[in-house]
Amino acid sequence: MAAETSSSSLQLPCVFSPQSRQYLALCAQDGRLRIWNTDSKTLHQEYVPSAHLSATCICIAWGPCRTVKEGPQRKKRKSEVVLGEEKADLLAMGTAAGSVLIYSTVKGVLHCTLDGGHSGGVNCVQWHPKDSLLYSGSDDTYIIEWDLQTGKARSKWKADRAAVTSLCVSPDGKLLLSAGHIIKMWDLDTKEVYRKFTGHSTAVTTLRFATTRPPDSNGLYFLSGAAHDRLLSVWQVREDGKDKNSVVSFTLTDEPQHIDLVASNNKEEAVRLAVVCKDGQLHLFEHFLNGPCKKPLSPMCSVQMSDTKDSPVPIPMLAAALAAGTRAVLLGYGTHLQPVMEKLEINTAERHVCLTRDVQTSMSISLETAVSKVKTPFVGDKSRVLAPGLPGHQAPVKGTTQGSEKRKKGTETREMSIAERLGEIDLSAVSTEKGAPKGTATLQTDNFAVLLLQGLESNDADILNKVFQTRKEMVIKKTVARLPLPAILPLMEVITKRLQGHPIAATLMVRWLRAVLMHHTSYLASLPDLVTQLGVLYHMIESRVKTFNKLTKLNGKLYLLATQVARSDCSSSADVDHKAKLVYEEESSDDEASGDEGLPDNDSDNWEEEEAMEEDKDPDSKGDSKANGEEDMERGNESEEE
């Protein structure tokens, strides 16, 4: 069942054909379009797009039943007017590459390709009920109106700032609903906004008109469902424009995945609704739309399906279709590779119905007979196989250049286990090395989601450490956003344990905790036993918040002390050093006197040089020497006279 939960998390398209519900069209994990006949329970057609691996199919929409005026098979269709199921012909597929493929089930070939209009992946396609027109919404925030007769875009306009995730055309073909986070109603004649509806916090994934009445009579209703939301909201288009809030809400057990309804034509006719949730359950509703209803409405009947083993395992529902005249329901359940179709009447008097079916034997026999070119890889005892459909499983972890070199060097053909692959992934080397070749592939966000799921399921500390060591905010946000809802609580438990550990690990875990609370708060708030499951985290955060005020005061005091100590150190270091770096000592007065007394002596031959040096050193001494010289001259003259 791991494969089932992972495949359902991707919301693979699965749609019944209109009116007769003769065909079931779906795209599996391999990107192929398969059309099953609900009457014979066999595969009717299979189409493999040329880019089915690189540009996977995101959405599918059946076109309206083609009338006699179209196509070269006019005479053949006149004889088949009674058989409405044979009129379902064209099928539109929106791809991740931005193109729209139109497939013809009557001819069994691709009718045309609508490309060149979108720069992002096509999230939704919707047919016009009367004209040969098709509307597509994309990640590039634009809506394109395609003309199927020419195969070109008829008009293109910007819908919103966010990506367009859902479209729906009114039964009369005059209004168009588009939604990202805000629901807008457009007038198709002028391509202007007619009304706006706000109320969803996440991307709207489902839009359906519930009534066929005109909008000017206050009787036009439509319903909407959003991602990670367990409510279906019903909106009323009022003539006075006071339609800001939803009037009715239907409660679900999980996010809606497939919706089918029988519209109401008047006030006396109730709207019948069949909703297949992400957890594989079917919920049936029936309600008269006549104004607002304060309390959310619970399902009239909930249907689950399980196998016939001793320990029953649930079988997920893929799609459901309601019959217009009877109470019968057409169910599609099992896997996307080989679904099982069954038409039955459900006893709605019981609130909960559990159906048991043995689908393993029929699926295994049909798979062995139908598929013959599939090679089963060798799986070791220590290896762990990634289930198909997990987010990011389509993108390789390693580049082609590295793989070719390792194949040349190694001689063994044994498949590497997850532990060995993790050992070869060096995130720091790939991100920090400047001289790394361009062909080396880095670990992408979807690979992080796969590794995190594997680590949570196996409780492997090495895998979790590899994922939790990243510090990039964008990688953390995208990884948490790609996780399925059943993995949120185990992730919160791991984060709680690591927050109680080393402070460095706690700083890393705070980023993951913030990303989880930003993306999955609505899911966590809807859990009934959230307080008991996250009680440890709550008490830990509360205890740390209580000590935060004291720590802040202590931090302030330490800051003041540190600044005072730093200032005192600076002031002590700035004092003037009284000790001179260079000391010049002059000769004392005693030395000068002794030098003067020795001047008349003839013992010193260098007295003139010493006298000159003394004159240079001190002008006072120079004056004294002059006086002494005059006295000497006078004495010399006296001696000559004698």
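**Salt bridges, ring pairs and a cavity**

Glu473 is partly exposed, with a relative accessible area of 31%; here, buried means under 20% relative accessible area, exposed means over 50%, and partly exposed lies in between (1.4 Å probe, protein chains only). The structure is a predicted model, in which local features need pLDDT of at least 70 and side-chain atom pairs pLDDT 80 or more, while totals for chains, interfaces and linings use all residues. Residues are numbered from 1 along each chain as its sequence is written, and side-chain values use heavy atoms, without hydrogens or water.

What does Glu473 meet in a salt bridge? Its partner is Arg511, with 3.7 Å from N to O (a salt bridge is a side-chain nitrogen of Lys or Arg within 4 Å of a carboxyl oxygen of Asp or Glu). This pair links distant parts of the chain, since Glu473 belongs to helix H9 (residues 473–482) and Arg511 to helix H11, 38 residues apart. Helices (H or I, at least four residues) and strands (E, at least two) are DSSP runs, numbered from the N terminus. Like Glu473, which is partly exposed at 31%, Arg511 counts as partly exposed, with a relative accessible area of 24%.

Helix H11 itself is worth a pause. Its 17 residues, 503–519, should span 24 Å at 1.5 Å a residue (1.5 Å times one less than the number of residues), and the C-alpha atoms at its ends are 25 Å apart, which agrees. Several residues of H11 are buried, namely Ala506, Leu508, Met509, Trp512, Leu513, Ala515 and Val516. It helps to recall that an α-helix has 3.6 residues a turn, so residues three or four places apart point the same way.

Across the whole structure, the search finds nine salt bridges. In one of them Asp260 joins Arg21, and their closest N and O atoms are 3.2 Å apart. Asp260 sits in strand S21 (residues 256–262), whereas Arg21 lies in the loop between strand S1 (14–16) and strand S2 (23–27), so this bridge ties together parts that are 239 residues apart in sequence. Both Asp260 and Arg21 are buried.

The loop between S1 and S2 also holds Gln19. Gln19 is exposed, with a relative accessible area of 60%, and its phi is near 60°, a positive value in a residue other than glycine. Lys191, in the loop between strand S15 (183–187) and S16, likewise has a positive phi near 60°. Lys191 counts as partly exposed, at 22% relative accessibility.

Arg34 and Glu46 form another salt bridge, with closest N and O atoms 3.5 Å apart. Arg34 is found in strand S3 (residues 33–37) and Glu46 in strand S4 (residues 42–47), so the parts tied together are twelve residues apart in sequence. Arg34 is buried, at a relative accessible area of 9%, while Glu46 is partly exposed at 36%. Together with Arg32, Arg34 and Glu46 make up a network of salt bridges.

Which way do the aromatic rings meet? The structure holds nine aromatic pairs (rings of Phe, Tyr and Trp, the last by its six-membered ring, with centres within 6.5 Å; planes under 30 degrees apart are stacked, over 60 edge-to-face and the rest tilted). Phe197 and Phe222 have ring centres 5.1 Å apart and planes at 75°, so this pair is edge-to-face. Phe197 comes from strand S16 (residues 192–197) and Phe222 from strand S18 (residues 220–226), distant parts of the chain 25 residues apart. Both rings belong to buried residues, Phe197 and Phe222. By contrast, the pair of Phe250 and Phe285 is tilted, at 4.9 Å centre to centre and 55° between the planes. Phe250 lies in strand S20 (residues 248–251) and Phe285 in strand S23, 35 residues apart; Phe250 and Phe285 are buried as well. Ring pairs also join Phe197, Phe209, Phe222 and Trp235 into a cluster.

Phe285 appears again in the lining of the largest cavity, alongside Arg272, Leu273, Leu284, Glu286, Met300, Leu322, Arg327, Val329, Ile346 and Thr348. A cavity is a set of points, on a 1 Å grid over the protein atoms alone, where a 1.4 Å probe fits but cannot get out, and lining residues have an atom within 4 Å of a point. Five cavities of 30 Å³ or more are found, and the largest has a volume of about 110 Å³ (the space filled by probe spheres set on the points, which are joined across faces, edges and corners). Strands S22 (271–277) and S23 (282–287) each supply at least two residues of this lining, and the largest share, three residues, comes from S23.

Conventions:
1 Å grid on protein atoms, 1.4 Å probe; cavity = no way out; pocket = protein on both sides within 12 Å on 5 of 7 lines; lining within 4 Å.
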